[in-house]
Amino acid sequence: RTSRKNSPVTSQQLLSTPSLFIDWLQSEEPSDIDLLNRQDYVDRMTSRLIRLHSGTSSTHGSSRGQAIVGEYGSGKSTLIKDISKELLSSSNSPWIISSFSSWGRASSNHGIVKQILEKVIDDIGQHVEASSLAIIPERYLAAAYNIHSLFNILNLFETCKKPEDVLESINNVLKLNNRKLLIIIEDIDRS
């Protein structure tokens, strides 16, 4: 059996070779082959993300989230991979993509929130100077859940902020560096 990971396969080869097609159907990895004609969805979602983050959309600033919902194995990850590839396609793309799988990650809301923020900050740091953001997860937990680490307790001069205000410092770093951030959280129902 030839796996699509071992050699590039065209859609024509996939459709004309039953063993390749069965491998493709049973694979749990995102596919590079679009037999379901999802390019229109990719184009529409990519355009929406670009409009939302360019200030040309009437919903700029008011709608920051999009959800892709579907049955296990229905192609959500492939769709996300294709959208990410489209956003990053230009050589001077301003996009930073932070992808997080929450499958089995944490047993509490604040635990998963902290892990997501740490991953986002690490991914931003791969592209721009982000050391000033290292304290964000702790500050966010303090603001959102009233959870204080030893560091925050010792910092008597720190004023308590709203969670949105804490996250604004991430936006400030992105704006300063002319970057845009797409956060992908997969398997949120499996954490």
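The accessible surface of the chain in this predicted model comes to about 12400 Å², and carbon and sulfur atoms account for 51% of that area. Of the 191 residues of the chain, 31% count as buried. Eight helices and two strands are present, and their order along the sequence is α-α-α-α-β-α-α-α-α-β. Among contacts between residues at least 6 apart in sequence, 60% join residues at least 24 apart.

The largest nonpolar core contains 21 residues, among which Val113, Ile124, Leu133, Ile136, Ile170, Leu174 and Leu181 touch the most other members. At least two residues of this core are supplied by each of strand 1 (95-101), helix 5 (109-125), helix 6 (136-145) and helix 8 (163-176). The greatest contribution is that of helix 5, which provides seven residues. A second core, separate from the largest one, is made of eleven residues, including Val42, Leu49, Trp95 and Ile97.

Leu181 illustrates the packing in this part of the chain. With residues up to four places away in sequence left out, Leu181 touches His53, Trp95, Ile96, Ser98, Val120, Ile124, Ile170 and Leu174. Two of these partners, Ile170 and Leu174, are buried residues of helix 8, and Trp95 is a member of the second core.

Helix 8 has 14 residues and reaches 21 Å from its first C-alpha to its last, a span close to the 20 Å expected at 1.5 Å a residue. The buried residues of this helix are Pro163, Val166, Ile170, Val173 and Leu174. An α-helix has 3.6 residues a turn, so residues three or four places apart point the same way. The buried residues of helix 8 pack against strand 1, helix 5, helix 6 and strand 2. Helix 8 is followed by Asn178, for which phi is positive, near 55°.

Strand 2 covers residues 180-186 and includes Ile185. Ile185 counts as partly exposed because its relative accessibility is 37%, a value between the 20% limit for buried residues and the 50% limit for exposed ones. Together with Ile183 and Ile188, Ile185 makes a nonpolar surface patch of about 260 Å². Strand 2 thus carries Ile185 of the surface patch, and the buried residues of helix 8 also pack against this strand.

Terms used
Residues are numbered from 1 along each chain as its sequence is written. This is a predicted model: local features need pLDDT of at least 70, side-chain atom pairs count only at pLDDT 80 or more; totals for chains, interfaces and linings use all residues. Side-chain values use heavy atoms; hydrogens and water are left out. Patches are made of residues with over 30% relative accessible area and no salt bridge: like charges are joined within 9 Å, nonpolar side chains (Val, Leu, Ile, Met, Phe, Trp, Tyr) within 5 Å. Accessible areas come from the Shrake-Rupley method with a 1.4 Å probe; for residues, only the protein chains shown count as cover. A salt bridge is a side-chain nitrogen of Lys or Arg within 4 Å of a carboxyl oxygen of Asp or Glu. Helices (H or I, at least four residues) and strands (E, at least two) are DSSP runs, numbered from the N terminus. Buried means under 20% relative accessible area, exposed over 50%, partly exposed in between (1.4 Å probe, protein chains only). A nonpolar core is a set of buried Ala, Val, Leu, Ile, Met, Phe, Trp, Tyr and Cys residues joined through side-chain atoms within 4.5 Å. Contact means heavy atoms within 4.5 Å. The expected span of a helix is 1.5 Å times one less than its number of residues.
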